[in-house]
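Welcome! Here is a short tour for anyone meeting this structure for the first time. Have a look at it below, and then we can walk through a few places together.

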Amino acid sequence: MPWNYDQGFRRILFQSFAMGRRCCRNAVLLTTDSKCPFFLPKSCTLIPLITDLAVYRMPEVYQRSRVFLWRLQYCYVRRRADFFLAISEFTRKEMVELWHLPPEKIHIVPCTCSPALARETT
């Protein structure tokens, strides 16, 4: 069955309001960007992996409802997480500048493999 608006809306409601209580007790939740339940148990360790902050830099390219929801979720993520992962030094600098996070709370995890794992070409 193809994706439709109703399925997406139900998924967003579940992910935002029910998933944390149902699935995240005594767990580690690695989440991308703002995609995080609003109500996480205290026993859950939240590790957000931030790919970009375009919703702050270019909000005009998104639907207003998404900008509102993502920024609201980002507020929760910033308060809830003990540390953050960023995909690049650029994203880390944006997190420091826009969110005023201490740089030592942000660890960079590049989206690439080690050069040692690359195949040799002949």
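## Around glutamate 89

The side chains of glutamate 89 and arginine 92 are joined by a polar contact of 2.9 Å. Please keep in mind that this is a predicted model. Glutamate 89 sits in helix H4, which covers residues 89-99.

Is glutamate 89 buried, partly exposed or exposed? Its relative accessible area is 34%, so glutamate 89 counts as partly exposed, a class that lies between under 20% for buried and over 50% for exposed. Glutamate 89 also has a partner to compare along the chain: proline 110 is 21 residues away in sequence, while the C-alpha atoms of the two are 8.8 Å apart in space.

## Inside the nonpolar core

Now let us turn to the interior. The largest nonpolar core has 23 residues, and those touching the most other members are Leu29, Leu40, Leu46, Phe84, Met95 and Trp99. At least two residues of this core come from each of S2, helix H3 (64-80), strand S3 (84-86) and H4. H3 gives the most, with five residues.

Which residues does leucine 29 contact, leaving aside its neighbours within four places in sequence? They are Met19, Cys24, Pro37, Leu40, Cys44, Thr45, Leu46 and Ile47.

## A patch on the surface

Our last stop is on the outside. Phe9, Leu13, Phe17 and Phe39 make a nonpolar surface patch of about 360 Å². Phenylalanine 39 belongs to the loop between strand S1 (28-32) and strand S2 (45-50). With a relative accessible area of 41%, phenylalanine 39 is partly exposed.

Notes. Residues numbered from 1 in each chain as written. Predicted model: local features only at pLDDT ≥ 70, side-chain atom pairs only at ≥ 80, totals over all residues. Heavy atoms only, no water. Patch = residues over 30% accessible without salt bridge, like charges linked within 9 Å, V, L, I, M, F, W, Y side chains within 5 Å. Areas by Shrake-Rupley, 256 points an atom, 1.4 Å probe, with all protein chains shown as cover. Salt bridge = Lys/Arg side-chain N within 4 Å of Asp/Glu carboxyl O. Helix = DSSP H or I, 4+ residues; strand = E, 2+ residues; numbered from the N terminus. Buried < 20%, exposed > 50% of the residue type's maximum accessible area, 1.4 Å probe, protein only. Polar contact = N/O pair within 3.5 Å; in protein donor to acceptor, adjacent residues only side chain to side chain. Core = buried A, V, L, I, M, F, W, Y, C linked by side-chain atoms within 4.5 Å. Contact = heavy atoms within 4.5 Å.
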